[in-house]
Amino acid sequence: MSAILIESYDAPGDGPTVAVKDCIDIAGSATCCGSRALADVAPARDHARVVQALVDGGYRIVAKANMHELAYGMTGLNKWTGPVENPLFPALMPGGSSSGSAAAVAARMVDLALGTDTGGSVRMPAACCGVIGLKPSYGRLSRVGVMPAKSALDSVGIFGREMSVVEHAMAQMDPSFLRLETVGPVSIGAVDVVAAREIAAAVEAALASSGAGIESCRLPAIEDAFQAGVIQMAAEASAAYGHLVASGLLGEDVEQRLRGAPAMATVERLAWAEGVKAAFVAQVDALLDRFAVLALPTLPDFPPRIDDLGDAKAILRLSSLVRPFNLSGHPAISLPLATPSGRPAAIQLVGRRGDDARLCAIARIFADAGSLLQHKEQI
């Protein structure tokens, strides 16, 4: 079986097919979070609430998707379950931690997939694999039946190839999500950030094609928000999985990160991170009083080649433009863009907290304008 999927199910019916990340409960299957350390856990008694909601709507759960171990990594490479392949860009990293979910959608194995996004873990692999990835507002979708059980950063997210698929799934999991047919004149704040020239040009071209009013703006605290998100995620990972350190059952990369987590997430650093969060939320909200959405690249650089993943700090920096919005809780969506070199780029749109439907409607403008990466019928 492809390392994209680690378990398949025979789901009757003709509804949309779904792959579910291995940290989200599927009744009757063990939720192993891609880790040999959890291989002996008892099968889940019930579906996670988001999974049950899809099943109730006629969606067919057909597979469990591979992931970076314990959702604590960004490469999508997993020695226990096998490395995830990037279907559209096979030489490049698929991204993590929801790597299998993004790849399954890109490979047309399923119509949509569920992942989780704690530090960019839906939007990053969506950008790497050339698909759409939505991180809803924090708390919008239920996390009952999702690991880890407690997180101030994590959101269940959705992968799809078309906006209609993403919006319909969102509405099924949250009936308060009401799809907007039109949004009227749109103003977009283009956040001034540093990104590779070709990526910046692709984002600029997509903005120009949208027909929206575009104005440059700044988020002075975005770098601090990135660092604060790293600190808070380290604290949450340590609390959830620190007991597995020295078990001999973890992959080397996750073992090292968990060992270093307590020193990174000290009381003083966590207090600093909370202060940064308050300042960053205020900055984002102030801009969203002026603009309908904010726009910036999803990733500041192209995904690295899978044979050149030695620089852990450089890989972590790839989340510098997505992780801040986990800290703030704002909804964010990644839309794939084509580039002259053929490498994957993506634009990220950020909306007001709780205004996920408007964010998706504006994302649809970009899809309708034809500025997104087009998927071939066969890969």
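**Group meeting talk: helices and sheet in a predicted model**

Let me begin with helix α8, whose buried residues (buried meaning under 20% relative accessible area, exposed over 50%, partly exposed in between, with a 1.4 Å probe and protein chains only) are Ala273, Val276, Phe280, Val281, Val284, Leu287 and Leu288. Seen down the axis of α8, these buried residues fall within an arc of 145°, so they line one face of the helix, the arc being that of the directions from the helix axis to the C-beta atoms.

Before going on, I should say that this is a predicted model, in which local features need pLDDT of at least 70 and side-chain atom pairs count only at pLDDT 80 or more, while totals for chains, interfaces and linings use all residues. Residues are numbered from 1 along each chain as its sequence is written, and side-chain values use heavy atoms, with hydrogens and water left out. Helices (H or I, at least four residues) and strands (E, at least two) are DSSP runs, numbered from the N terminus.

Returning to α8, the face turned away from its buried side carries the exposed residues Val267, Glu268, Ala271 and Ala278. The buried residues, for their part, pack against β8 (213–217), α6 (222–241), β9 (293–297), α10 (324–328) and β11 (345–350), where contact means heavy atoms within 4.5 Å. As for length, the 22 residues of α8 (267–288) should span 32 Å at 1.5 Å a residue, and the end C-alpha atoms are indeed 32 Å apart; the expected span is 1.5 Å times one less than the number of residues.

The same check on α7 (residues 252–264) gives an expected 18 Å for its 13 residues, which agrees with the 18 Å between its end C-alpha atoms. Its buried residues are Val254, Glu255, Leu258 and Ala261, and what covers them includes α6.

Now to the sheet. Eleven strands form an open, mixed sheet in the order β1-β3-β2-β4-β6-β5-β10-β11-β9-β7-β8, two strands being paired if DSSP finds at least two bridges between them. Strands β1 (5–8) and β8 stand at the edges with a single partner strand each, so one side of each is left without a neighbour in the sheet. Neighbouring strands of this sheet are turned by 25° against each other on average, direction ignored. Axes here are lines fitted to C-alpha atoms, for helices over the stretch in contact, and angles run from 0 to 180 degrees between N-to-C directions. Helix α5 packs on the sheet, touching β7 (187–191), β8, β9, β10 and β11, and its direction makes about 55° with that of β11. Within the sheet, β5 and β10 (residues 332–337) run antiparallel and are joined by three bridges, with Leu134 standing opposite Ile333 in β10.

One residue of α5 (residues 197–210) is Ala202, which counts as buried at 12% relative accessibility. Leaving aside neighbours within four places in sequence, Ala202 is in contact with Leu337, Ala338, Thr339 and Ala345. The C-alpha atoms of Ala202 and Asp301, 99 residues apart along the chain, are separated by 12 Å.

Finally, how many disulfides does the rule give, a disulfide being a pair of cysteine sulfur atoms within 2.5 Å? The count comes to zero. The sulfur of Cys128 is 6.3 Å from the closest cysteine sulfur, in Cys129, which is too far for a bond. Cys128 is buried at 0% relative accessible area, and Cys217 counts as buried at 5%.

Key: A disulfide is a pair of cysteine sulfur atoms within 2.5 Å.
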